[in-house]
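Okay everyone, thanks for coming. I'd like to walk you through some charged side chains and a couple of buried spots, so let me put the structure up.

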Amino acid sequence: MPDQKRMDKVNKELEKISYLMQRFENTAREEISSREDYLLVCGAMLAVVRNMYVEALGPIDAARLFEALAQTFHYQEDMLNMFQGIEEKPTIH
């Protein structure tokens, strides 16, 4: 029974994350009217996220989180390089 409760909690959290991602992305896209706006909107969102992580985790753990996030870009590039020459590249989330 505890496993089912835990799975229900995880599923509920995943649904909330998905909902919020869609909501925030739609709101952000409404603010974009030119190519230059992409970086402005992304910069604003990044600043908000950074501040909220610092508030929630403290500066040291927030920095660790952002370091780990930055590392995922390298992993993604490495994975995509493995598929060089393949017509359709995979979608990585």
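So, in which helix do Lys9 and Glu13 both lie, and how many residues apart are they? They both sit in helix α1, which covers residues 2-30, and they're four residues apart, or about one turn of the helix. Keep in mind as we go that this is a predicted model.

Those two side chains form a salt bridge, with the closest N and O atoms 3.7 Å apart. The cut-off for a salt bridge here is 4 Å, so this pair counts. As for accessibility, Lys9 is exposed, at 55%, while Glu13 is partly exposed, at 40%.

Staying in α1, there's a salt bridge between Glu25 and Arg29, and here the closest N and O atoms are 2.9 Å apart. Glu25 and Arg29 are four residues apart in that helix, so about one helical turn separates them. Both partners are partly exposed: Glu25 has a relative accessibility of 40%, and Arg29 has 45%.

Now over to helix α3, residues 59-82. Asp61 and Arg64 meet in a salt bridge at 3.0 Å, N to O. They're three residues apart, which again puts about one helical turn between them. Asp61 is partly exposed at 37%, and Arg64 is exposed at 52%. Overall, the count comes to four salt bridges.

Here's a charged residue without one. Asp37, in helix α2, is buried and has no salt bridge. How far away is the nearest side chain of opposite charge? That's Arg35, and it is 11 Å away. What the Asp37 side chain does reach is the backbone nitrogen of Ser33, at 2.9 Å. Not counting residues up to four places away in sequence, Asp37 also touches Glu31 and Ile32.

A quick word on α2 as a whole. It runs over residues 35-57, which is 23 residues, and spans 33 Å from first C-alpha to last, close to the 33 Å expected. Right after it comes Gly58, with a positive phi near 95 degrees.

Last stop: Ala62, back in α3. Is Ala62 buried or exposed? It's buried, because its relative accessible area is 3% and the cut-off is under 20%. Leaving aside neighbours within four places in sequence, Ala62 is in contact with Tyr53, Val54 and Leu57. And Met52, ten residues from Ala62 in sequence, is 9.1 Å away, C-alpha to C-alpha.

That's my tour, so over to you.

Notes:
Residues are numbered from 1 along each chain as its sequence is written. This is a predicted model: local features need pLDDT of at least 70, side-chain atom pairs count only at pLDDT 80 or more; totals for chains, interfaces and linings use all residues. Side-chain values use heavy atoms; hydrogens and water are left out. Helices (H or I, at least four residues) and strands (E, at least two) are DSSP runs, numbered from the N terminus. Buried means under 20% relative accessible area, exposed over 50%, partly exposed in between (1.4 Å probe, protein chains only). Lys and Arg count as positive and Asp and Glu as negative; His and the chain ends are not counted. A polar contact is a pair of N or O atoms within 3.5 Å; within protein, one must be able to donate a hydrogen and the other to accept it, and residues adjacent in sequence count only if both atoms are side-chain atoms. Contact means heavy atoms within 4.5 Å. The expected span of a helix is 1.5 Å times one less than its number of residues.
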